[in-house]
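This report covers the chain contacts, a domain boundary and selected secondary structure of the entry shown below.

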Amino acid sequence: MTAPTIDQVPALELKSAYVKFGGVTAVNDVSLRIPAAAGISAIIGPNGAGKTTLFNVLTGIIRPVSGQILIAGRDMTGRRPDEIFRARIARTFQGARLFAHLSVRDNVRLAARSVSAPGRPGGPSVWFDRHGDALRRAERALTEVDLPHLLWSVWPDQLTLLQRRLVEIARAVTAEPVALLLDEPAAGLNTAEKERLCALLVRLATSIGCRIVVIEHDMKLVMSIAERIWVMNFGCLLSEGTPADIRANEAVIEAYLGTRSHHG
Amino acid sequence: MAAGSLEALVTVQLIYLIAALGHYLPLSMKQLDIGIAGYFAIGAYTSAYLTRDCDMSFTVALLAGAILAGAGAFVVDALATRVRLSGFAYAIFSLSFAESLRIILNNVEALGASGGLVGIPPDTTLPLVAIIAAAVVAGFWWFDRTRLGHLRTAIADDEFIVPIFGVPLVATKLTIFAIGGALGGLAGGLYSHYVLFIRPDDFGFALLIALQLPMVFGGLDRFYGAVAGMLLLGFIPEFVRVLAQYRLIVMAAATLLVLIMRPSGLITHQTIAWLRSGCRRSANERTKVGLSSDPSS
Amino acid sequence: MSVFLQQIVNGLVIGSSYALVAVGFTLIFGVLRIVYLAHGAVLVAGAYLGLFALTWFGSVTAALVVGTVGSAILGLVVEFVALRPVRRQDHLIALVTTISFATIVQETLRLTVQSGQPISYPDSIGSALLKLEFGGVSLHVTVGQVAVIAVALVLVVALTVIIQRTWMGRSIRAVADSPLVASMLGIRVNLISAQTVALASALAGAAGVLLGLTIPAIDPYVGEHLQFKALAVVLFGGLGSIPGAVIGGLLLGFVETMAAGYLASSYRDLFAFMTMVVILFVRPSGLLGRRIVERV
């Protein structure tokens with residue numbers, strides 16, 4: 001895995017973003033650059049630090065009060081989520097939000113269509129799928145995440161949590177993303193499942209050639225797969241650096257882990 | 001046609017089934033478009049006027065009624081979406097449309113006003129209705145498997161994330177609503193050419209109840225539930241002679257009871273999966289394991 | 001001139017009954033925050049109960065008491081049967097359960113009382129005609145019509161006092177503002193719901209009896225009809241706003257009466273629905289109410 005070089009245009013960049021909900025500042029002057037080079041980064045921080053809100057801003061679901069969002073150098077602030085998706089920034093949600101009454105294949109196919117659709121983006125051509133192009137993309141994505149073919153016709157409520165997460169990732173992957181934002185993908189999984197997920201993410205980053213950014217609470221997991229970590233608390237970016245940097249960082253330790261520093 | 005005869009019962013219930021399925025489309029997407037009686041009325045009056053006073057063929061009149069009703073649904077829902085009405089307000093708005101239409105019809109002399117429209121040519125027959133109803137049900141089965149059908153399911157499941165995948169949410173919803181309204185109009189046209197005499201008061205709240213309650217009773221999860229509900233609550237009280245005048249009360253009581261105990265209605269997709277096959281279910285149970293015993297990993 | 005004044009009085013009478021029904025209705029919407037369409041059924045039940053009371057006891061007061069109390073009890077039944085079990089479900093379910101309940105009530109009345117044919121209140125003091133004269137103008141009103149205005153006034157004032165001054169009223173207002181916060185402060189939301197529905201239903205029952213005293217005949221469907229009008233009034237005045245409901249009710253009463261006097265009376269009902277449509281477009285939160293438009 002190559003370390004990101006400074007002169008590469010970042011896949012996704014946030015400049016001085018502010019997000020306010022009523023009286024609460026959820027994201028407070030956060031700037032970060034998500035590199036384009038393949039690999040894995042992570043965002044960590046206590047609950048309520050604003051991590052998911054950050055994802056929401058990056059994917060156009062929430063409009064920041066001020067600040068800029070740049071995708072591959074282009075200003076995409078205030079663009080709709082589907083435009084961001086077509087700009088090859090994909091994400092998953094906490095808890096694995098799949099469409100409950102569609103099969104696994106159809107769940108993924110729904111997303112695949114908008115990327116391959118000719119004609120005006122977001123127009124009625126999305127209602128048709130000539131040449132089965134979306135289906136091929138969907139099946140390719142499902143293969144990519146290693147989901148057994150047997151499960152492709154099954155409905156989400158018959159899958160395990162890990163399998164649902166995989167489907168969600170496959171759905172995101174149909175955009176052939178440059179950046180893949182995963183919101184707590186390992187939450188609720190047991191150790192063996194987490195290992196499998198990590199192996200997949202590492203492999204996925206290189207095979208698709210994208211930068212994966214995970215929000216995670218499992219420190220061991222984060223330290224083992226992420227090359228670069230951002231730490232957030234109270235809506236602010238506390239620190240960023242390599243795992244070693246973060247481990248040694250006093251402010252992080254105090255904010256996130258309490259004043260005890262028994263996490264080595 | 002002898003009113004009250006078995007044939008009349010079946011025909012009218014099948015017509016209601018078609019209209020109800022039209023109503024099912026917005027309902028399943030959690031859109032409380034309850035102006036369905038209005039779309040039914042548009043279809044009934046338009047087609048009747050065209051065959052009776054304009055000498056058009058039945059087919060053309062039916063289609064015209066359906067298209068006009070679909071357009072009506074489109075307009076009503078487009079307006080409501082434009083103003084971003086919440087669920088309840090949406091319901092009231094669509095209801096006001098249907099009721100206003102009814103009151104206006106009560107005053108339009110060319111359409112018989114409150115006295116009603118008589119002398120409608122008896123073009124509807126049971127075989128015709130049965131074929132159309134079967135076609136609509138089959139059409140729904142097919143629709144669920146098309147792209148637009150998938151979108152409907154997705155919107156019904158989780159409207160929030162659908163736009164993220166590049167789907168034009170509003171255009172899609174409005175199109176589906178229009179299709180629903182058109183089905184209601186089609187049913188209305190069949191209705192007026194069967195009962196041969198229609199009055200604006202026929203298309204009031206009672207009609208809405210007859211169309212909506214059985215569907216919610218049957219379950220909105222899959223359209224099979226709506227069909228089952230319409231058949232159960234529509235047909236059974238009719239056939240058991242002694243229950244005839246208790247029809248509405250039976251319908252209401254049954255719906256109330258079912259909803260209290262099982263808010264999702266009688267039939268959900270789990271019921272269907274259970275009914276379908278035990279073997280396919282247990283096969284999935286076997287694959288429903290994590291890493292440790294996953295043979296294909 | 002006296003014709004005009006007579007119209008004003010008629011408008012006041014009709015408007016008062018609209019206001020009476022709408023006040024309870026808007027209270028339910030404001031506090032329960034669900035779609036509730038059993039109000040009309042409660043009203044018509046009250047009307048029929050009043051009819052029986054008047055027949056047996058011969059006194060209008062008894063009719064009012066029986067109608068009011070009976071409807072309040074019926075309202076509690078609605079709360080327990082049609083609302084409580086589905087409180088946590090989608091709004092559509094509450095819509096359907098309340099409609100179902102209303103249908104059951106209406107059908108029961110239809111099947112048990114004169115096969116649903118219109119039935120009149122027996123002659124009573126309510127139909128006694130009063131002649132009022134002042135300044136050379138003479139007005140004819142029945143005692144019943146005066147009763148409508150008086151009782152509506154008294155009940156609306158009483159309700160307002162309850163809401164503003166009593167502990168129960170404070171709890172109701174708290175729940176109307178935020179059920180979550182209210183429950184965290186130890187207020188039992190279910191209990192408040194029941195109380196609200198009972199209060200509102202009492203008003204509806206009274207309105208039903210008053211209706212029976214003033215119109216030629218009642219049938220099982222008058223409640224449904226009035227409910228629609230009340231809905232228009234509630235939307236106009238704003239969901240949850242009692243003053244709004246009063247203003248809206250009186251206004252609608254006046255407008256309908258004037259229009260019926262000078263336009264075709266068959267269009268009279270249209271005003272209510274047109275009002276609803278216009279309101280939803282121009283100012284969905286109504287005159288004084290909470291926003292019901294979702295600004296995403």
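## Helices, interfaces and strands

H4(B) has 19 residues and spans 27 Å from its first C-alpha to its last, close to the 27 Å expected at 1.5 Å a residue; the expected span is 1.5 Å times one less than the number of residues of the helix. Helices (H or I, at least four residues) and strands (E, at least two) are DSSP runs, numbered from the N terminus. The model is predicted: local features need pLDDT of at least 70, side-chain atom pairs count only at pLDDT 80 or more, and totals for chains, interfaces and linings use all residues. Residues are numbered from 1 along each chain as its sequence is written, while chains are lettered from A and ligands numbered from 1 in the order in which they are written.

Because 15 of its 19 residues are buried, H4(B) is largely enclosed by the rest of the structure. A residue is buried if 20 or more other C-beta atoms lie within 10 Å of its own, exposed if 12 or fewer, and partly exposed in between, with C-beta atoms placed from the backbone. Helix H6 (residues 147-158) of chain B has twelve residues and reaches 16 Å from its first C-alpha to its last, close to the 16 Å expected at 1.5 Å a residue. Buried residues in H6(B) include His150(B), Arg152(B) and Asp157(B).

**Contacts between chains.** Two residues are in contact if their C-beta atoms, placed from the backbone, lie within 7 Å. Two pairs of chains touch, and the pair with the most contacts is B and C. Chains A and C do not touch, their nearest C-alpha atoms being 11 Å apart. The table lists the residues on each side of three contacts.

| Contact | First side | Second side |
|---|---|---|
| Chain A with chain B | 33 residues of chain A | 25 residues of chain B |
| Chain B with chain C | 33 residues of chain B | 41 residues of chain C |
| Domain 1 with domain 2 of chain B | 19 residues of domain 1 | 15 residues of domain 2 |

On the side of chain B that touches chain C, helix H4 (87-105), helix H8 (205-218) and helix H10 (247-261) of chain B each give two or more residues. H4(B) gives the most, with ten residues. By class, this side of chain B has 21 nonpolar, nine polar and three charged residues. Here Ala, Val, Leu, Ile, Met, Phe, Trp, Tyr, Cys and Pro count as nonpolar, Asp, Glu, Lys and Arg as charged, and the others, Gly among them, as polar.

**Domains of chain B.** Chain B is divided into domain 1 (1-203) and domain 2 (205-285), with bounds from an automatic or database domain assignment. Their C-alpha centres lie 21 Å apart. The largest share of the side of domain 1 that touches domain 2, eleven residues, comes from H1(B). That side of domain 1 has 15 nonpolar, three polar and one charged residues.

**Chain A.** The secondary structure of chain A comes to nine helices and ten strands, and 49% of its 264 residues count as buried. Strands pair if DSSP finds at least two bridges between them. Strand S1 (residues 12-21) of chain A is antiparallel to strand S4 (residues 66-71) of chain A, with five bridges, and pairs in the antiparallel sense with strand S2 (residues 24-34) of chain A over eight bridges. Leu14(A) has Ile69(A) as its bridge partner in S4(A) and Leu32(A) in S2(A). The hairpin of S1(A) and S2(A) has two residues between the strands, and Gly22(A) there takes a positive phi near 60 degrees.
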